[in-house]
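User: Got a model here that I'd like to talk through. Can you take my questions as they come?

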Amino acid sequence: MTQDTTSTDLKTLGWSQFFTSQLSIEELETLTPMRLSEVRRRSVVALSAGLDRLDISLTGDHVATDMAVGDFVLSDGERIIRRLDRRTLISRRAAGVAASAQLIAANIDTLFITTSCNTDFNEARLERYLAIAIEAEATPVIVITKADKPEDIPVEAYVDRAKAIYDQAEVLAINAKDPADIARLEHYCGTGQTLALVGSSGVGKSTIARGLTGEDLDVGDIREDDAKGRHTTTARSMHRMHAGGWLIDTPGMRELALHDAMEGIGTLFEDITDLAMTCKFSDCQHRTEPGCAIRAAIETGELDEPRVERWRKLMEEDSRNSESISEARGRGRKFSKMVKQAKKVKSVKRGE
Ligand SMILES: Nc1nc2c(ncn2[C@@H]2O[C@H](COP(=O)(O)OP(=O)(O)OP(=O)(O)O)[C@@H](O)[C@H]2O)c(=O)[nH]1
Ligand SMILES: [Zn+2]
């Protein structure tokens, strides 16, 4: 295979100069770049430039918790030698007390933030997803479905509301069931591009995915029967789109919670963040403090008060969800100390 065809085929996989630049000459000559299309508990499925699928067991240095669908790895044909740095990463907080990030998808170029021309449309929800996309360094595109049957206000009014949230994001109103409208999304779905969809249940993510790939995607865990009995395997997660790119649809991708997105929130609400730095007190809560630049801007009409409230809520949500493991433990200790003290007070009162 000549170098030329290799790079062309790798481009199909989503490879770019960003990844080439991470390789040493020796790695370039001896190892094969592959992209992970499935991550299971103890193994992964990797796609080669020729789109052959290879099942690789995870051993030794590599564990599934460090691998995400969409990752690029270098393989010797049997094992993973190393994972390459990611261009973008979407993760979520794993459930449970021990706060840890669970990797959802890597190297996504575009995130379709999906809502509909009805009561699902909600500024706060869109801002949350925008902050996630900006934080992950993926390009956010707001896709408003059900433009064929808008409720309450005209389609254009929904589009204007979406544009007012973040002027950097493209906004597209579509009928997800109409192939001509699906074609309008294909600008983000061409060869080399990787896409993911987020949005609440029922907004049309499956419909869009079907339009772009021709497949009915199963995002949840699927149960399978085999000789050893029933077990759960994860559905295939990376799907080729008609336009040549890849759609990543992993469990956990569609409804993401916000965490560790301070930079994303900062970019989305840049005007508010900048202004907050000029408040008289550095720990200003922007409520009743004297010299509060945010309150002053609300008074003059420069800032929209509901938007400031949403910013405050997102910041609170982010810091709540971003609490580190040590903080969570510290909180546990603090709480048990409080309980002990309360018990002491009680027993003193009872004269014990
Ligand atoms: N008229 C119209 N119906 C749509 C449109 N998009 C989706 N629908 C319908 O809305 C319903 C829900 O669409 P889905 O694609 O299943 O929504 P989803 O976001 O995948 O939902 P979950 O799988 O629950 O997350 C289906 O009956 C679709 O046919 C649209 O643009 N116009
Ligand atoms: Zn203030």
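User: How far apart are the centres of domain 2 and domain 3?
Analyst: Taken over C-alpha atoms, those centres are 31 Å apart. The bounds come from an automatic or database domain assignment: domain 1 is 3-85, domain 2 is 104-248 and domain 3 is 269-321.

User: Anything I should know about the model and the labels?
Analyst: It's a predicted model, where local features need pLDDT of at least 70, side-chain atom pairs count only at pLDDT 80 or more, and totals for chains, interfaces and linings use all residues. Residues are numbered from 1 along each chain as its sequence is written, while chains are lettered from A and ligands numbered from 1 in the order in which they are written.

User: OK, which residues does the UniProt "binding site" annotation cover?
Analyst: The unreviewed UniProt entry lists Cys279, Cys284, His286 and Cys292. Positions follow the numbering used here, feature names are shortened, and annotations may be inferred rather than shown by experiment.

User: Where does Cys279 lie?
Analyst: In the loop between helix H9 (270-276) and helix H10 (293-300). Cys292 is found in that H9 to H10 loop too. Helices (H or I, at least four residues) and strands (E, at least two) are DSSP runs, numbered from the N terminus.

User: And is Cys292 buried or exposed?
Analyst: Buried, because it has 21 C-beta neighbours inside 10 Å. The cut-off is 20 or more other C-beta atoms within 10 Å for buried, 12 or fewer for exposed, and partly exposed in between, with C-beta atoms placed from the backbone. Cys279 has 19, so it's partly exposed.

User: What does Cys292 touch, leaving out residues up to four places away in sequence?
Analyst: Cys279, Cys284 and His286. Contact here means C-beta atoms, placed from the backbone, within 7 Å.

User: Switching to ligand 1: which residues come nearest?
Analyst: Ser201, Gly204, Lys205, Ser206 and Thr207, out of 16 around the ligand. A residue is near if its C-beta atom, placed from the backbone, lies within 6 Å. Helix H7 (residues 205-213) gives the largest share of that shell, three residues.

User: Now Glu137. Where is it found?
Analyst: In the loop between H4 and strand E9 (139-145). Glu137 has 15 C-beta neighbours inside 10 Å, so it counts as partly exposed.

User: How many residues apart in sequence are Glu137 and Leu111?
Analyst: 26, and they sit 9.7 Å apart in space, C-alpha to C-alpha.

Methods
Two residues are in contact if their C-beta atoms, placed from the backbone, lie within 7 Å.
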